[in-house]
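Hi everyone, thanks for coming. I'd like to walk you through a structure this morning, so please get the view up on your screens.

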Amino acid sequence: MDLFSAQAVSKQYANHKALDKVSISVPDNHIFGLLGPNGAGKTTLIRIINQIIAPDEGELIFMGRKLQPNDIAFIGYLPEERGLYKKMTVGEQAMYLAQLKGLSHHEAQKRLNYWFDKFEIKGWWNKKVEELSKGMQQKVQFLVTIIHEPKLLIFDEPFSGFDPINASIMKDEILAQKEKGATIIFSTHNMSSVEELCDDIALINRSKVVLSGAVRNIKKTFKTNTFGISYNSYEGTLQSILPASFQVLSENQDVDHRHARVKLPDGATPNDLISAVLPFVTIYSVNEQIPSMNDIFIQAVTQQTSQPETKD
Amino acid sequence: MKKIFLIIQREYLTRVKKRSFIVMTILGPLLMAATIVVPIYLATRTNETKTVAVLDETGIFYEKFKDSDNIRFHYLVSDIATAKANFSKSDDHALLFIPKTEVTLPTNAILYSEKSVNINVTSYIKNVMSKQIEELKLQARLSELQTDKKNPVSVDDILRSIKTTVDINTMKIGEDGKESKSYTEINMVLGMFSGILIYFFIFMFGAQVMRGVIEEKTSRIVEVIISSVKPFQLMMGKIIGVGLVGLTQFLLWVVLTFGIVTVVTSFMPSGSIRKSATEQMMSQKQGMGSAVSQAASSQDEKSDEGMGGVMEALNSVNFPVMIGAFIFFFLVGYLLYAALFAAIGGAVDSEADTQQFMLPITIPLILSIVMAQYIIQDPDGPVAFWFSIFPLTSPVIMMIRIPFGVPYIQVILSMVLLLLGFLGTTWLAGRIYRTGILMYGKKVSYKELWKWIRYK
């Protein structure tokens with residue numbers, strides 16, 4: 001079941017169309033990656049989900065019904081442009097933001113105590129925000145985003161500003177939120193974190209969804225039956241041994257071995273590749289070249305961009 | 001509703017706890033108290049007796065002005081031209097001229113002086129004149145009643161029928177003999193004072209609203225907050241919170257000033273000085289729109305000579321209207337401008353960029369203060385009327401006019417228009433604000449603002 005879905009959402013600004021009939025569906029308890037180059041319309045879509053701005057047309061369905069103003073109590077949002085009041089103490093600030101999310105004073109205090117203990121930041125409570133480092137501020141922000149235990153969490157570039165250690169703490173915490181039953185929308189440029197975390201993605205480019213679905217399926221469709229092979233050195237090129245239908249994409253030599261990437265014809269298996277080269281070389285490894293999200297991203301974006309624009 | 005309360009609370013508490021707020025709260029009353037105490041202290045030190053020459057063409061007031069510790073009266077018999085000519089040569093502090101009237105009793109007098117005349121002097125003269133006229137009227141009434149005993153008349157009716165207000169125009173005579181009107185009348189002081197107070201309040205706290213919005217934008221917290229509350233709630237919460245801060249500071253000033261003046265003057269030698277200080281205090285306090293009861297209690301003291309005159313003058317001002325109007329124009333005027341300040345804060349990235357948008361806001365405010373000089377001389381003229389009706393200038397100008405007495409219909413019209421203006425600017429500001437706070441690093445033009453207003 002989908003926890004959230006947007007159906008044909010459009011948003012027109014004075015000079016450009018930020019979203020053009022965008023539809024996404026976010027399955028319950030999944031981590032959903034919202035990808036796209038800068039200016040594609042991701043932030044606009046996220047702001048629409050948070051009801052910061054209203055769409056011109058289209059429907060937003062949350063928990064099986066239309067999205068309502070009160071639903072912001074069920075949504076936690078960590079914007080890309082985020083900050084805290086510099087002159088306020090961490091404690092006051094966290095209390096303020098938690099209460100704005102609808103928690104009572106007592107409940108907010110209780111939960112913040114728990115989280116401050118867990119993150120081992122108890123000593124920060126009376127510090128002013130300007131005394132904290134950027135990474136420390138990010139921690140506080142993360143914490144107030146999840147403090148009201150929302151059903152839907154939206155993170156816009158959550159790892160920017162974190163060092164690797166804190167980034168991995170945050171990553172674990174995001175996964176822990178998923179364990180607890182939260183659904184997460186995750187907007188980022190960082191493709192490696194997409195591969196690690198996301199179950200599903202939607203790729204937005206030029207205000208349109210160009211690619212969407214489960215990461216596993218997408219990768220399958222982008223697979224090109226290409227294999228990497230490592231072998232000992234050989235006088236001629238690899239292509240000279242292989243049948244013409246096998247296409248060598250690249251070939252290079254390092255200190256120990258030669259490496260090549262070979263695209264197999266449809267229906268051919270790695271066994272065919274191995275049996276073709278076996279008489280001539282010693283094979284060290286053969287592995288399937290699964291396209292990375294990075295490749296898929298670039299491919300999908302450049303494909304759409306190279307098409308002539310069909311916009312008004 | 002709970003959320004907007006949280007916002008107001010935060011805006012209020014963070015500001016009230018600031019060191020600058022505490023410093024201002026202490027320094028303000030010290031300065032104000034000094035402006036009250038120092039002149040009184042100096043007056044007691046010099047112990048100079050002022051003489052007022054009286055040229056009474058009617059003859060009614062001969063020997064009626066009694067000398068006191070620091071005012072002496074002497075009476076002239078000449079015409080006004082020679083009296084004026086002699087005046088500049090004499091040591092007299094002021095020349096009181098009561099022109100002859102043909103049919104009615106005199107209710108006008110002109111007070112010429114080189115330096116500006118103390119309010120106490122004018123008030124005392126006014127007091128004596130109106131009492132004298134009232135007495136004459138009463139005698140006339142009584143003899144009338146004796147001849148015509150058929151119609152019973154209540155005492156109240158009589159008292160009402162003899163009630164008289166005297167106008168004293170104070171004219172300054174320069175060294176060169178030129179005359180110009182001076183403003184020592186209590187209602188002028190009250191009007192100017194409350195007008196200027198509103199002007200400062202709007203500027204000081206409006207700018208605070210603007211800075212608060214810019215701070216939220218530059219610290220990038222704004223998007224975090226508006227994922228929980230509507231931008232409009234955030235804007236209104238800030239405006240109301242800052243307004244309450246202003247109100248708090250203002251009330252603290254009044255109370256502390258009163259306290260300081262009372263304490264300091266109690267250490268001064270003469271009892272009458274203490275009294276005069278308190279009364280001067282009261283007059284200022286009432287000008288600020290508090291202490292209604294003081295005006296009422298002052299009734300008892302109006303028979304006192306000298307300082308009692310101030311209270312008499314104060315009684316001629318309609319305090320319930322004055323105070324009510326002050327609070328209204330003070331608050332709604334602030335709200336109207338604060339919304340505009342918030343919109344500017346939302347549209348720009350830093351305080352340096354605010355200049356181009358500040359102009360349309362500051363022009364009506366500064367114009368009000370510039371026009372005040374003119375309007376106070378002609379508080380019922382068409383210029384005064386239009387300025388006191390137009391919502392952007394009415395908070396200052398109407399307050400200047402009110403002590404002189406303004407028809408209720410005009411006050412109400414002005415209030416209604418101000419309220420409409422407030423709703424209008426808030427609506428407009430809300431639309432600019434909600435788009436502006438999400439725009440970073442963009443130079444905004446007026447054309448851009450117009451687009452924002454039209455967004456759905």
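**Two sheets and a partner chain**

Let's start with S11(A) and S14(A), which are joined by 5 bridges and run antiparallel. If you want a residue pair to look for, take Ile229(A), whose bridge partner in S14(A) is Val286(A). Before I go on, please keep in mind that this is a predicted model.

Now let's put those strands in their sheet. It is an open sheet of 4 strands, in the order S12-S13-S11-S14 of chain A, and the pairing is antiparallel. At the edges sit strand S12 (247-253) and strand S14 (283-288) of chain A, each pairing on one side only. On average, neighbouring strands here are turned by 15° against each other, ignoring direction. On the S12 side, S12(A) and strand S13 (residues 258-263) of chain A run antiparallel and are joined by 6 bridges. There you can find Ser250(A), with Arg261(A) in S13(A) as its bridge partner.

A helix goes with this sheet too. Helix H8 (residues 270-277) of chain A lies across strand S11 (226-231), S13 and S14 of chain A, and runs at about 155° to S14(A). And how many of the 6 residues of S14(A) are buried? The number is 0, so S14(A) lies largely in the open.

Let's move to the other sheet. This one is open as well, with 6 strands of chain A in the order S6-S7-S8-S3-S9-S10 and mixed pairing. Its edge strands are strand S6 (75-78) and strand S10 (208-214) of chain A, each of them paired on one side only. Neighbouring strands are turned by 15° against each other on average, again with direction ignored.

I'd like you to look at S3(A) here. All 5 of the 5 residues of S3(A) are buried, so the strand is largely enclosed by the rest of the structure. As a reminder, side chains in a regular strand alternate between the two faces of the sheet. In S3(A), Ile31(A), Gly33(A) and Leu35(A) point one way, Phe32(A) and Leu34(A) point the other way, and all are buried.

What flanks S3(A)? On one side, strand S3 (residues 31-35) runs parallel to strand S8 (residues 183-187) of chain A, with 4 bridges joining them. Ile31(A) stands opposite Ile184(A) in S8(A), and Gly33(A) has Phe186(A) as its bridge partner in that strand. S3(A) is also joined to S9(A) by 4 bridges, and these two run parallel. Here the bridge partner of Phe32(A) is Asp200(A) in S9(A). Helix H7 (residues 215-222) of chain A lies across strand S9 (200-205) and S10 of chain A, at about 105° to S10(A).

Stepping back, the domain assignment of chain A gives domain 1 (2-220) and domain 2 (224-288). The C-alpha centres of these two domains of chain A lie 45 Å apart.

Finally, chain B. Here 17 residues of chain B are in contact with 21 residues of chain A. Helix H1 (2-16) and helix H7 (222-226) of chain B are the elements that give two or more residues to the side touching chain A. That side of chain B has 7 nonpolar, 4 polar and 6 charged residues. H1(B) has 15 residues and reaches 21 Å from its first C-alpha to its last, close to the 21 Å expected. Among the buried residues of H1(B) are Leu6(B), Ile7(B) and Ile8(B), along with Arg10(B), Glu11(B) and Arg15(B).

Thanks for listening!

Methods. Residues numbered from 1 in each chain as written. Chains lettered and ligands numbered in written order. Predicted model: local features only at pLDDT ≥ 70, side-chain atom pairs only at ≥ 80, totals over all residues. Contact = placed C-beta atoms within 7 Å. Nonpolar A, V, L, I, M, F, W, Y, C, P; charged D, E, K, R; others polar. Pairing = 2+ DSSP bridges. Axes fitted to C-alpha atoms, helices over the stretch in contact; angles between N-to-C directions. Expected span 1.5 Å × (residues − 1). Buried ≥ 20, exposed ≤ 12 C-beta atoms within 10 Å, placed from the backbone. Domains from an automatic or database assignment.
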